[in-house]
Amino acid sequence: MAPVAAATRWRLLLVLSAAGLGAAGAPQPPNILLLLMDDMGWGDLGIYGEPSRETPNLDRMAAEGMLFPNFYSANPLCSPSRAALLTGRLPIRNGFYTTNRHARNAYTPQEIVGGIPDQEHVLPELLKEAGYVSKIVGKWHLGHRPRFHPLKHGFDEWFGSPNCHFGPYDNRARPNIPVYRDWEMVGRYYEEFPINLKTGEANLTQVYLQEALDFIKRQQAAQRPFFLYWAIDATHAPVYASRPFLGTSQRGRYGDAVREIDNSVGKILSLLQDLRISENTFVFFTSDNGAALISAPNQGGSNGPFLCGKQTTFEGGMREPAIAWWPGRIPAGRVSHQLGSIMDLFTTSLSLAGLAPPSDRVIDGLDLLPVMLGGQLTDRPIFYYRGDTLMAVTLGQYKAHFWTWTNSWEEFRQGIDFCPGQNVSGVTTHTQEEHTKLPLIFHLGRDPGERFPLSFASTEYLDVLQRVTPVVQQHQKTLIPGQPQLNVCDRAVMNWAPPGCEKLGKCLTPPESTPKKCSWPH
């Protein structure tokens with residue numbers, strides 16, 4: 001392995017040297033753009049087979065770069081996934097999970113008092129060591145209290161919100177969600193930043209696009225390496241698009257939002273080329289989790305051939321669209337079958353900056369540069385967690401489920417369905433089914449929709465079980481969970497009880513001003 005690693009480092013040094021020399025003659029590290037979508041599905045891009053072919057810019061980005069068809073989130077929900085991206089660590093390690101109920105997802109609405117722990121090393125903090133200027137545009141979702149502010153965790157600039165664009169609320173019992181420029185609140189959704197729920201019209205994507213373009217221009221003029229984390233949320237229900245894009249898609253309002261995003265990505269890439277910095281700028285496009293089928297078809301996307309969607313650890317909830325673009329560096333028109341993870345963006349970004357990942361903790365993300373620059377493949381597992389529970393693992397072409405379920409019968413009877421039209425007997429259950437003794441195993445190459453589990457009596461099943469078992473045992477044996485950040489909610493923060501607390505009745509007994517334990521319903 002040593003010669004391979006040495007060759008990779010040397011190749012990277014040549015790439016960085018070719019990208020440009022700083023004033024002192026040292027290689028200038030490349031700029032880094034991470035384009036993170038919200039609830040966008042694997043099947044939403046033309047390059048992945050979406051029949052309307054309404055994403056010409058993203059399809060061209062893939063043609064000029066590298067496509068990752070086997071790329072995964074670290075969790076099927078927004079907040080834990082974003083925490084994993086920025087720390088390179090599974091949510092069970094960085095604290096973005098709950099122990100209130102078994103195998104339950106959780107996130108950070110305004111009532112949750114937790115957030116990104118101070119002891120976690122967040123990507124922009126580390127990139128400062130290499131001289132990067134960092135900006136987040138869009139949704140933070142890693143805690144709303146001042147101690148969790150993005151500028152407290154390495155970002156130099158922020159334009160966006162600590163939460164999603166839910167609302168509108170009455171601004172008495174429920175204030176509308178704030179929007180910030182750095183430390184200053186500059187307005188609220190549905191007020192200074194209007195969203196028309198009836199028509200779907202909102203200008204937010206254009207605002208976020210301009211923030212990105214202005215930041216890139218300023219950093220290029222100052223000749224500073226930059227990290228831009230463009231975390232927009234137009235494809236999260238309620239979906240929205242600006243007036244020129246409304247009604248232009250074959251896919252309805254959700255498609256309008258996707259078309260505007262595609263147009264915006266095209267403008268960002270064009271600016272990099274116009275400024276002649278595209279060969280010194282690494283760009284990666286992906287999504288935080290799978291499409292929210294609960295919002296489909298009008299306000300949700302497509303997960304292609306995969307089972308279920310957001311909130312579940314089936315492929316539709318965890319497998320994401322992913323494109324790497326670095327003209328002149330990453331060979332054009334390539335497809336990599338590397339099992340990738342959103343956590344790899346942390347480690348890869350550090351590698352691009354010439355930095356080593358922190359050595360005092362477990363880092364789950366891999367450096368994808370050997371994959372992108374040299375076509376090397378690394379055998380690695382993908383772990384699927386739901387809350388505090390290991391639900392499944394993929395190793396090679398095989399996926400083993402230790403627990404299966406979608407959502408509760410109570411929710412299902414109320415019309416909440418994470419797998420509409422996709423019932424698979426014994427798999428998409430509404431009770432938590434344990435398979436730790438005899439996991440359900442699927443061959444994802446032959447059966448990407450997870451519809452035909454291998455026979456327990458087959459030689460293939462026994463061979464896979466022998467490979468998977470020690471990997472899982474080693475993972476669980478060495479796992480040190482972080483302090484759960486998503487266990488405690490406080491109604492006094494927003495003066496209202498979140499829906500999950502009302503249903504479960506666990507926030508109704510203590511006095512208003514004290515924190516309460518809340519079990520979130522999903």
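In the predicted model, the cavity search returns one cavity of 30 Å³ or more. The space enclosed by this largest cavity amounts to about 30 Å³. Its lining is formed by Asp44, Leu45, Gly46, Glu50, Glu54, Thr55, Arg251 and Val258. Sorted by class, these lining residues comprise four charged, two polar and two nonpolar residues.

The protein chain as a whole contains 14 helices and 21 strands. Of its 522 residues, 61% are buried. Among contacts with a separation of 6 or more, 70% are between residues 24 or more positions apart.

Two helices illustrate how burial is distributed over individual elements. Helix 9, spanning residues 344–352, has nine of its nine residues buried, and is therefore largely enclosed by the rest of the structure. The buried set runs through Asp344, Leu345, Phe346, Thr347, Thr348, Ser349, Leu350, Ser351 and Leu352. After helix 9 comes Gly354, which has a positive phi near 80°. In helix 2, which covers residues 56–64, the buried residues are Asn57, Leu58, Asp59, Met61 and Ala62. The cover over these buried residues of helix 2 includes strand 2 (66–67), helix 7 (253–274), strand 9 and strand 11 (323–325).

Among the strands, an open sheet of three members is arranged in the order 10-3-13, and its pairing is mixed. Strand 10 (319–320) and strand 13 (340–341) form the edges, each of them pairing on one side only. Strand 3, made up of residues 71–72, runs parallel to strand 13 and is joined to that strand by two bridges. Within this pairing, Phe71 is placed opposite Gly340 of strand 13.

The cysteines were examined next. A search of the whole structure yields one disulfide. A disulfide is a covalent bond between the sulfur atoms of two cysteines. The bonded pair consists of Cys308 and Cys419, whose sulfur atoms lie 1.9 Å apart. The link between Cys308 and Cys419 is right-handed, with an angle of 105° about the S-S bond. Distant parts of the chain are connected by this pair, as the two cysteines are 111 residues apart. Cys308 belongs to the loop between strand 9 (281–287) and helix 8 (315–318), whereas Cys419 belongs to the loop between helix 11 (409–413) and strand 18 (433–434). Both ends of the link are buried: the relative accessible area of Cys308 is 0%, and that of Cys419 is 6%.

Cys78 and Cys164 present another case. The sulfur of Cys78 has its closest cysteine sulfur in Cys164, at 6.5 Å, and this separation is too far for a bond. The cut-off applied to a pair of cysteine sulfur atoms is 2.5 Å. Cys164 is likewise in no disulfide, its nearest cysteine sulfur being that of Cys78. With a relative accessibility of 3%, Cys78 is classed as buried. Cys164 is also buried, because its relative accessibility is 0%.

Two further residues were considered for their individual surroundings. Glu157 is located in strand 5, which comprises residues 157–161. Since burial is assigned under 20% relative accessible area, Glu157 counts as buried with its value of 16%. Apart from residues up to four places away in sequence, Glu157 touches Ser134, Lys135, Ile136, Leu151, Asp182, Phe215, Arg218 and Gln219.

Gln220 is part of helix 6, which extends over residues 204–222. The relative accessibility of Gln220 is 22%, so this residue counts as partly exposed. When residues up to four places away in sequence are set aside, Gln220 touches Leu275 and Ile277. The first of these contacts spans a stretch of the chain: Gln220 and Leu275 are 55 residues apart in sequence, while their C-alpha atoms are 7.8 Å apart in space.

Terms used. Residues are numbered from 1 along each chain as its sequence is written. This is a predicted model: local features need pLDDT of at least 70, side-chain atom pairs count only at pLDDT 80 or more; totals for chains, interfaces and linings use all residues. Side-chain values use heavy atoms; hydrogens and water are left out. Two strands pair if DSSP finds at least two bridges between them. Helices (H or I, at least four residues) and strands (E, at least two) are DSSP runs, numbered from the N terminus. Buried means under 20% relative accessible area, exposed over 50%, partly exposed in between (1.4 Å probe, protein chains only). On a 1 Å grid over the protein atoms alone, a cavity is a set of points where a 1.4 Å probe fits but cannot get out, and a pocket is an open set with protein on both sides within 12 Å along at least five of seven lines; lining residues have an atom within 4 Å of a point. Grid points are joined across faces, edges and corners, and a volume is the space filled by probe spheres set on the points. Ala, Val, Leu, Ile, Met, Phe, Trp, Tyr, Cys and Pro count as nonpolar, Asp, Glu, Lys and Arg as charged, and the others, Gly among them, as polar. Contact means heavy atoms within 4.5 Å.
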